Every structure is written in C-alpha cells, then in structure tokens.
Amino acid sequence: MRAPYGSGPLAPAVLAVRGAALLLALVALAHTLVHGLAEPGLALVFGLLVAAGELIRRDSAAGEREPAPLAAAGALAYALLGESAGRPTTHGALQVIAVVVVAQALAAAPRRARGRRTDADRAARRTLTVGFTAVCFQPLYDSGQAERWFGDGPYFPLFPLAVLALTALCDAVLAALLARSAARAEEGPGALPPYGSLLADEVRALAGTGTAIGVTGVVTALGVAVAGPWAPAVLCGPLLLTQVSARRYAAVRTTCRQTMASLARATEIAGYTPPGHARRVAALATAVGRELGLTGPRLTVLEHAALMHDIGQLSLVDPVAGGATALLPAAEQRRIALLGGAVVRRTGAGPEVAAVVERQADPYREQPLAARIVRTVNAYDDLCGEGVGGPLGALEHLRLGTGHDHQPQVVEALGRVLARGGLARAGAG
C-alpha cells in the first residue's frame with residue numbers, strides 16, 4: 001500500500017539530503033544578502049528561466065525522471081557561466097545557489113496556492129547538484145586554472161563537459177539514495193531494492209533526457225558567453241519541445257499500465273483468481289527482480305507480465321479451485337500460459353511481456369529470467385492460499401521443486417525479500 005505523500009517518519013537518508021540542501025541554501029542566501037547581487041541582469045534572466053521551467057512542469061508521471069528539464073538546464077547553465085558577451089562574470093558559486101533556490105521557491109508558491117504538492121526531495125537534489133556544479137566550475141574558472149588546463153580555444157568546452165559528467169554522477173547517487181528510501185517508506189523493507197541496481201538504473205537513464213538537459217546547459221552557458229543574456233531564449237527552445245514529447249510518452253506509458261491493471265482484475269471479477277492475486281504477484285515479483293539486479297525496461301516488462309500472468313484463465317470453462325494454477329498438471333499450465341500470451345499480444349503491452357506470460361509454465365532452464373520470477377512468485381502466492389503450512393511451508397515447497405520447476409537463485413532471492421519484510425503472503429492485506 002502506497003503511503004500518502006508526506007506521511008510517516010522520514011528516512012535518515014532523506015533527512016540528510018534535505019538537511020544538507022537547507023544548510024547550503026541558507027549559507028548561499030546569507031552570503032548574497034551580505035555582499036549584494038553581482039550582475040543582477042544575468043541573475044534575473046537565469047532566475048526567470050528556472051522559475052518558468054518549474055511553473056510549466058507537471059506532477060511527475062511514471063517513468064519521468066525530470067519533470068522540469070527546462071529549469072534543470074537553466075540552473076546548470078548559470079552554474080557553468082564564466083563570461084557574458086565576452087566579459088568575465090563575477091557572480092560566483094554561492095550566488096548561483098541563491099538564485100536557483102529563490103527561483104524554485106517563487107515557482108512553488110502558485111503551485112501550493114492551487115493545492116498541488118511540491119517535491120521537497122527533488123528541490124533538495126537540484127540545490128545540491130547545482131551547488132556541486134558551481135563549486136567545481138566557478139573557482140577554477142575565476143582563478144584561471146581551467147584556462148591553463150584546457151586553453152582558450154576549441155578544447156575549452158571539455159572543461160564544462162567534464163564538470164557536467166561529475167555532476168551527473170553526483171545526481172545519480174542522490175537519486176538512487178532517495179529512491180531506495182522511498183521504496184522503504186512506500187512498500188516496506190521487504191521490497192527494498194539493492195542500492196547498486198538503483199544506481200545503475202539512474203546512470204542508464206542519463207542517456208535520455210539527462211543528456212539533453214546537460215548538453216543544453218553547456219550550450220546555453222557558451223552561448224551567453226558569446227552572445228549575451230538573450231541566448232537562453234533561443235537555445236532552450238529545443239529542450240522545451242523535448243519536454244513536451246517526453247511528457248506525452250510518459251502519459252502513454254501510464255495509460256498502458258492502467259489498461260493492463262484493469263485487464264488483470266478481469267480474472268478476479270470473473271471469479272477465476274482470488275482478490276488481489278495479480279497485484280500481490282506483481283509487487284513481489286518486482287521486488288525479487290530488483291534483488292536479482294533487474295532495472296529499467298527489464299523490470300517494467302517483469303511487472304507488466306506479473307500483472308497479466310493469469311489472463312489465460314479466462315479461456316477456461318470451469319475456474320481452477322482458488323485460481324491456483326501452480327497445482328495443475330504441467331501440460332494444462334502451459335496451455336493456459338499460451339492462451340494468456342495470445343491475449344497479451346492483442347493488448348499492445350509488447351512482445352517481451354507476451355513472451356514472459358507464454359513461457360511462465362516452461363521448465364525453468366528454458367525460461368528467460370522474468371518468466372522464472374513470475375512462475376516462482378505465482379506459485380508462492382498460490383501455495384500460501386492452499387494451506388501448505390503458511391509462508392514457511394510455501395517457501396520450503398518451492399525449494400523442493402528447484403530440480404525442475406524453480407531456479408534455486410530465484411527461490412533464494414524470494415526468501416531474502418520475504419525475510420526482510422517478515423515471512424508473509426505476498427503483499428497480504
């Protein structure tokens with residue numbers, strides 16, 4: 001059960017990230033107030049760019065890593081700015097942080113007035129990553145060290161690109177840390193994914209919108225260095241189009257998932273499977289997949305296949321007692337799986353999802369990893385409902401079947417996930 005936003009105690013990692021961001025913001029604001037605002041025209045341009053990017057964002061959709069890419073690119077550009085129209089800038093790292101913090105706060109005010117939530121963790125992340133960028137770039141640029149390293153010619157853009165690469169890694173570390181804390185708060189310790197797989201997922205995601213944001217930030221900073229403050233208005237246009245496209249893609253993915261969840265409930269409504277069976281199997285299969293290192297698209301395929309793994313039962317004249325297909329003869333299990341795969345292929349869920357559903361009843365040595373996970377987790381939930389000695393008895397029954405029916409590594413991963421959350425039926429309640 002997903003916890004309401006803002007409910008429950010905050011994890012130590014979340015408190016540490018928010019506390020560090022708050023301390024950095026207070027230091028930057030105090031420094032700017034004491035020493036005054038350097039180059040207020042540039043500060044206004046980039047502050048408005050960040051605020052506008054935050055205002056046109058929507059609440060995060062599933063799979064949308066950065067809901068305000070324009071704001072992120074503007075903040076990075078200001079942090080990487082060393083000249084304006086050929087004249088050196090003097091704003092410094094702390095002013096960059098202060099301007100970004102104020103812009104985010106101003107953009108958050110109308111959202112709160114309309115009753116829409118603000119994402120404190122994302123704001124803290126941006127404050128820390130922009131601060132990291134500014135601290136890495138501004139002192140080296142102002143001291144002339146960057147010019148001595150890279151020269152003042154065609155190789156100089158390598159400097160902001162190198163800083164950008166370090167910033168991306170820093171942001172991925174923070175994002176994975178916050179994602180792990182969110183998983184603990186929302187799904188419980190049993191669904192806690194390994195930090196390494198989350199970090200790998202965040203690093204892989206940088207190849208998409210993250211690259212567009214970073215490149216736009218560097219190009220905007222270089223454009224202002226040559227052409228002056230009007231450059232962001234031209235150079236950030238393509239990123240705005242990318243934001244619209246990415247949002248539409250995320251909306252399509254959300255609609256697809258909702259459709260599959262509705263189809264999965266059809267077997268429950270028709271009385272073929274117990275209430276909540278598909279949801280329980282999907283939640284626990286996703287946790288086991290993370291435990292085994294699945295991330296990104298492979299984890300999404302696993303979740304969708306687990307949601308729809310029983311759709312083939314709709315072809316049966318008489319429902320299976322308790323919906324427990326794991327107790328049927330192997331030939332009947334394979335027939336139901338093939339029928340389910342044929343249905344999934346007509347839903348637009350994708351051939352990868354259909355292949356997992358079709359092969360979930362095959363001997364595990366012939367299955368892809370996702371099908372092995374679905375088979376094992378489905379059997380666990382079925383056995384828990386059949387009175388075989390509760391969760392411990394169901395897990396022991398699966399271990400006895402590792403010679404042919406279940407891969408030992410998958411069963412042991414399931415055991416570790418259950419042990420962390422307490423041995424209970426998958427997602428019970």
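Reader: Which residues does T32 touch, not counting residues up to four places away in sequence?

Author: This is a predicted model, in which local features need pLDDT of at least 70, side-chain atom pairs count only at pLDDT 80 or more, and totals for chains, interfaces and linings use all residues. Residues are numbered from 1 along each chain as its sequence is written, and side-chain values use heavy atoms, with hydrogens and water left out. Contact means heavy atoms within 4.5 Å. On that basis T32 touches L37, L94, Q95 and A98.

Reader: Is T32 buried or exposed?

Author: Buried means under 20% relative accessible area, exposed over 50%, and partly exposed in between (1.4 Å probe, protein chains only). T32 has 12% relative accessibility, so T32 counts as buried.

Reader: How many residues of α11 are buried?

Author: Helices (H or I, at least four residues) and strands (E, at least two) are DSSP runs, numbered from the N terminus. α11 has 15 residues. This helix is mostly covered, and the number buried is 12.

Reader: Which element gives the most to the largest nonpolar core?

Author: A nonpolar core is a set of buried Ala, Val, Leu, Ile, Met, Phe, Trp, Tyr and Cys residues joined through side-chain atoms within 4.5 Å. The largest one has 42 residues, and I373 is among those that touch the most other members. Elements that give two or more residues include α11 (277–291) and α15 (369–384). With nine residues, the one that gives the most is α15.

Technical notes:
Expected span 1.5 Å × (residues − 1).
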